[in-house]
Every structure is written in C-alpha cells, then in structure tokens.
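User: Could you walk me through this small model? I'd like to go from the overall fold down to individual side chains.

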Amino acid sequence: MVLPSPCWACGAFGGLDWINVDGIGVLVHGQERCPVAVPFIWETGQPVTSLAGAVAA
C-alpha cells in the first residue's frame, strides 16, 4: 500500500515532482507549480533567490 504524502512546502496533496523548466528546477503538483517551494538552478542546485541577493549586494 502506498500512502501519499503532502508537499513539504505548502501541504498540498496530488503528486510531487521536480521538473527542469529552461534550466530552473521547480516543484510541481500535477501540472501546477507549487506556490511556496523555492526554484533553483538545475545544474548547481543553488536557490534562485540567493542569486538575486548576490546581485543586489
């Protein structure tokens, strides 16, 4: 028996997958992006938000 688990970021049920969208990793539930999970650079795993902070500094 497989028990579904909720999204660790927003708590939604209904499938969880990391996908590559133009080099950016995003968490999706079915075909919808998670509204809470932080996207990341697919090749490095670095969160996209940390790049924005580095540019501003």
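**Surface, fold and aromatics**

Analyst: Sure, starting with the surface: the accessible area of the protein chain is about 4,300 Å², and carbon and sulfur atoms account for 61% of it. Keep in mind that this is a predicted model.

User: In what order do the helix and strands come along the sequence?

Analyst: The protein chain has four strands and one helix. Reading along the sequence, the pattern is β-β-β-β-α.

User: And what share of the residues is buried?

Analyst: Buried here means under 20% relative accessible area. The protein chain has 57 residues, and the buried share of them is 16%.

User: Among contacts between residues at least 6 apart in sequence, what share joins residues at least 24 apart?

Analyst: A contact means heavy atoms within 4.5 Å. Taking the contacts in the protein chain between residues at least 6 apart, the share that joins residues at least 24 apart is 13%.

User: On to the cysteines. How many disulfides are there, and how far is the sulfur of Cys34 from that of Cys10?

Analyst: A disulfide needs the two sulfur atoms within 2.5 Å. Cys10 is in no disulfide, although its nearest cysteine sulfur belongs to Cys34. Cys34 isn't in one either, with Cys10 as its nearest partner by sulfur. That leaves zero disulfides in the structure, and the sulfur-to-sulfur distance is 3.8 Å.

User: Which of those counts as buried, Cys10 or Cys34?

Analyst: The cut-off for buried is under 20% relative accessible area. Cys10 has 34% relative accessibility, so it counts as partly exposed. At 8%, the buried residue is Cys34.

User: Is the ring pair of Trp8 and Trp18 stacked or tilted?

Analyst: The structure has three aromatic pairs. For Trp8 and Trp18, the ring centres are 6.2 Å apart and the planes sit at 35°, so this pair is tilted.

User: Which parts of the chain does that pair tie together?

Analyst: Trp8 is exposed, with 61% relative accessible area, while Trp18 is partly exposed at 39%. The two are ten residues apart in sequence, so their pair ties together the segment before strand S1 (17-21) and strand S1.

User: What about Phe40 and Trp42: stacked or tilted?

Analyst: Phe40 is buried at 16% relative accessible area, whereas Trp42 is partly exposed at 37%. Their ring centres are 5.8 Å apart with 15° between the planes, and planes under 30 degrees apart count as stacked. This aromatic pair is therefore stacked.

User: Where does Trp42 sit, and which residues share its aromatic cluster?

Analyst: Trp42 is in the loop between strand S4 (40-41) and helix H1 (48-56). The other members of its one aromatic cluster are Trp8, Trp18 and Phe40.

User: Which residues make up the nonpolar surface patch, and how much accessible area do they have together?

Analyst: Joining such a patch takes over 30% relative accessible area. Phe40, at 16%, is buried, but Trp42 counts as partly exposed at 37%. The patch consists of Trp8, Trp18 and Trp42, with a combined accessible area of about 390 Å².

User: One last thing: where is Asp22, and what is its phi?

Analyst: Asp22 is in the loop between S1 and strand S2 (24-29), and it is exposed at 80% relative accessible area. Most residues other than glycine have a negative phi. In Asp22, which isn't a glycine, phi is positive, near 55°.

Note on methods. Residues are numbered from 1 along each chain as its sequence is written. This is a predicted model: local features need pLDDT of at least 70, side-chain atom pairs count only at pLDDT 80 or more; totals for chains, interfaces and linings use all residues. Side-chain values use heavy atoms; hydrogens and water are left out. Buried means under 20% relative accessible area, exposed over 50%, partly exposed in between (1.4 Å probe, protein chains only). Accessible areas come from the Shrake-Rupley method with a 1.4 Å probe; for residues, only the protein chains shown count as cover. Rings of Phe, Tyr and Trp (its six-membered ring) pair if their centres lie within 6.5 Å; planes under 30 degrees apart count as stacked, over 60 as edge-to-face and the rest as tilted. Patches are made of residues with over 30% relative accessible area and no salt bridge: like charges are joined within 9 Å, nonpolar side chains (Val, Leu, Ile, Met, Phe, Trp, Tyr) within 5 Å. A salt bridge is a side-chain nitrogen of Lys or Arg within 4 Å of a carboxyl oxygen of Asp or Glu.
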